[in-house]
Amino acid sequence: MDTTIVSDILERNGNEKDGLIATLGDIQAEFGYLPEDALRMVSEKTGKALIDLYGIASFYTAFSLKPQGKHLIQVCLGTACHVRGGHRVLDEVRRRLNVEVGDTTDDQQFTLKTVNCLGACALGPIVVVDNEYHGNTRIQKVNSILNKYREISEEV
Ligand code: FES
């Protein structure tokens, strides 16, 4: 981890407790997650206890304590999506990627998460990949959805 990046972020946000969320948000944006060493630096500079920083990081879903994959997959398990087969879709994603909810694939391509309603229940079951909605997702569609993002990764 490049500590100068964290130092710059801390300086930009004033090394104060008031700027904590902004500081953590900038670190998350820079590294894709909140590395432990970065949290220790934030704790030292701001005087905020490390355990409190972990509490903040755990409370806000925007923060992650583990490295994230290149693509974020969110499978909706809200009631409407659930009754339309959201759990089966989730099982298919897990099976095809060999990854559990909250984890990232070994090749660092995909992180899998679940959400409880995305506000588009009529389109359920919904899978969102990198903020792109895939409505009426059936297990037969899962592989083609995943392949689309695999191809995007290969093109970059
Ligand atoms: S329950 Fe899935 S979008 Fe509402």
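Me: A helix is a DSSP run of H or I of at least four residues, numbered from the N terminus. What follows H6, and what is the sign of its phi?

Reply: In this predicted model, Asn98 comes directly after H6, and its phi is positive, near 55 degrees.

Me: What makes the length of H6 agree with the expected span?

Reply: The expected span is 1.5 Å times one less than the number of residues. H6 has 12 residues, and its first and last C-alpha atoms are 16 Å apart, close to the 16 Å expected. The span of H6 therefore fits that rise per residue.

Me: Which residues of H6 are called buried, and why?

Reply: The residues are Gly86, Val89, Leu90, Glu92, Val93 and Leu97. They are called buried because each has 20 or more other C-beta atoms within 10 Å of its own. They cover an arc of only 160 degrees around the axis, which puts them on the same side of H6.

Me: Why are E1 and E2 called paired?

Reply: Pairing requires at least two bridges. E1 (residues 71–76) and E2 (residues 110–115) are joined by 6 bridges, so they qualify as a parallel pair. Within this pair, Ile73 is bridged to Leu112 of E2.

Me: What makes E1 and E3 a pair, and in which direction do they run?

Reply: E3 (residues 127–129) shares 3 bridges with E1, and the two run antiparallel. Since at least two are needed, E1 and E3 also pair. Gln74 has Val128 of E3 as its bridge partner.

Me: How confident is the predictor in the protein and in H6?

Reply: The protein averages a pLDDT of 91, with 96% of the residues scoring at least 70. Among the elements, H6 has the highest mean pLDDT (97), whereas helix H7 (residues 139–155) has the lowest (87).

Notes: Residues numbered from 1 in each chain as written. Predicted model: local features only at pLDDT ≥ 70, side-chain atom pairs only at ≥ 80, totals over all residues. pLDDT = per-residue confidence, 0-100. Buried ≥ 20, exposed ≤ 12 C-beta atoms within 10 Å, placed from the backbone. Arc of directions from axis to C-beta.
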